[in-house]
Amino acid sequence: MPNRTVLISGASIAGPALAFWLGRCGYAVTVVERAPDLRLGGQAVDFKGEVHRKVLERMGILDDVLDRQTGKTDLLIVDERDRHLATIPGEFVGGDVEILRGDLTEILYRRTADSCEYLFGDSVAALVDTESGVEVTFEKSDARRFDLVFGADGIHSAVRRHRFGPEDEFVRFLGYYYAVVGTTGSASDASPDRERGTGLMYNEPGRMAVVGGPKAPELFVFASDRVEYDRGDVTQQKRMLTTAYADAGWRVPRLLAHLDDAPDFYLDSIARVETDTYTAGRVALVGDAAYGNTLGGFGTGLALVGAYVLAGELAAADGDHRVAFGRYNEQMLGYAKIARRGSAGPFLAPKSAIRIRLRNWTFKSKALFGLMMKLTDSFATDIDLQDYPALRSAGCAGDVDHP
């Protein structure tokens, strides 16, 4: 079998999912992750439709996901006096099955830890793609050669940057930022609504704040020009959020007052990856590195489907990456088209009062809501998911040892 050794950059969802399939087929898989440990926190993610369910079933993790799924959480849209304006049903934001990102990551890690090599606290510093392999330089570990390299390292992918080009050539800023916050203050602030399985969502033009919602303890989305900031400086990012909501009403001042108590804080732009290919030479992208669209609602499903298709095509091509990568591109460029279109920012934080009212009205109209649900169903199932016989049994391509 050609291409026996592979490196996967990223140990969130797409990376371990791809490691699962490639390890099952006998590849020697190394996964490198910048974080020092498995990242078990994070917001909720979801799956929707028959295609997502099939992949979970074929991986043998559907029961694990169902056992750890979250409850469906309705989101009440309220005004500054907490008066109810509209309801976003839990099935709209939570799909068919919703699970915490960290729980899904742990499930995938447990299924791959014994068959793959994990390098935590390290990252790809450089790579040189040749005819016979990829020479990889790490930030900390010794340089190594791999037959194939896969970038599953998110929308700010280092692998994409090193092999395809600078981030600004592939990632488009969509005019909004978001912050996911978990604070000791917000739990008590929203506890009555959490007990009833609901969250609260408040809008002002160009700004949104959610407490007790289905995706995170607190979620902020705000319109903005592009801001240059240090992605490693959380203190600076908290100041950025505070400045953006300096004159906001409702419960926002109290929520911001507890930022320093937050055990988790993450801020980033709402952006999407725009590329006409996910492969270059012996390197391929999967997950958000390839088809990321922030808060778009399809990222996790795309990641698992993409990992399945990529591994399946490699198995079907007997490891010939040139054939497999071409088929992978053909299938995923079609399936991931939703990720190349929408932007969640204008929906979550409309820039005018009238657009906020129109968005709210969408959820009051049964006809419009039904149409939205049908559209999301069609996007989630818009692929003829192949059945790759080679992926059905362990050791499908013969076991190999790590270098």
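In the predicted model, helix H12 passes helix H13 in a right-handed crossing. H12 covers residues 299–316 and H13 covers residues 321–335; the two pack at an angle of about 150 degrees, and their axes lie 8 Å apart. Because angles over 145 degrees count as roughly antiparallel, H12 is described as roughly antiparallel to H13. On the H12 side, the residues in contact are Leu-302, Val-305, Gly-306, Val-309, Leu-310, Glu-313, Leu-314 and Ala-316. These meet His-321, Ala-324, Phe-325, Arg-327, Tyr-328, Gln-331, Met-332 and Tyr-335 of H13. Sorted by class, the contact between H12 and H13 contains 11 nonpolar, 3 polar and 2 charged residues.

A second helix pair is formed by H15 and H16 (residues 366–380), whose axes come within 5 Å and cross at roughly 90 degrees. H15 is therefore roughly perpendicular to H16. In this contact, Trp-361, Thr-362, Phe-363 and Lys-364 of H15 meet Lys-366, Leu-368, Phe-369 and Met-372 of H16. The class count for H15 with H16 is 5 nonpolar, 1 polar and 2 charged residues.

The model also contains an open sheet of 7 strands, arranged in the order S5-S4-S13-S14-S15-S12-S16, with mixed pairing. Strand S5 (84–88) and strand S16 (264–273) are the edge strands, each pairing on one side only. From one strand to the next, the twist averages 20 degrees. Within the sheet, strand S13 (residues 198–204) and strand S14 (residues 207–211) are paired in the antiparallel sense over 5 bridges. In this pairing, Met-201 has Val-210 of S14 as its bridge partner.

Helices also lie across strands of the sheet. Helix H9 (residues 234–244) lies across strand S12 (171–182), S14, strand S15 (218–223) and S16, and runs at about 75 degrees to S16. Helix H15 (residues 353–364) lies across strand S4 (74–78), S5 and S13, running at about 60 degrees to S5. H15 thus takes part in contacts with strands and with helix H16.

Salt bridges were searched for across the whole structure, and 17 were found. One salt bridge joins the side chains of Glu-57 and Arg-53, with an N to O distance of 3.6 Å. Both residues belong to helix H2 (residues 49–59); because they are 4 residues apart there, Glu-57 and Arg-53 are separated by about one helical turn.

Key: Residues are numbered from 1 along each chain as its sequence is written. This is a predicted model: local features need pLDDT of at least 70, side-chain atom pairs count only at pLDDT 80 or more; totals for chains, interfaces and linings use all residues. Side-chain values use heavy atoms; hydrogens and water are left out. Axes are lines fitted to C-alpha atoms, for helices over the stretch in contact, and angles run from 0 to 180 degrees between N-to-C directions. Angles under 35 degrees count as roughly parallel, over 145 as roughly antiparallel, 65 to 115 as roughly perpendicular and the rest as oblique. A crossing is left-handed if the near helix is turned anticlockwise from the far one by less than a right angle, and right-handed if clockwise. Contact means heavy atoms within 4.5 Å. Ala, Val, Leu, Ile, Met, Phe, Trp, Tyr, Cys and Pro count as nonpolar, Asp, Glu, Lys and Arg as charged, and the others, Gly among them, as polar. Two strands pair if DSSP finds at least two bridges between them. A salt bridge is a side-chain nitrogen of Lys or Arg within 4 Å of a carboxyl oxygen of Asp or Glu.
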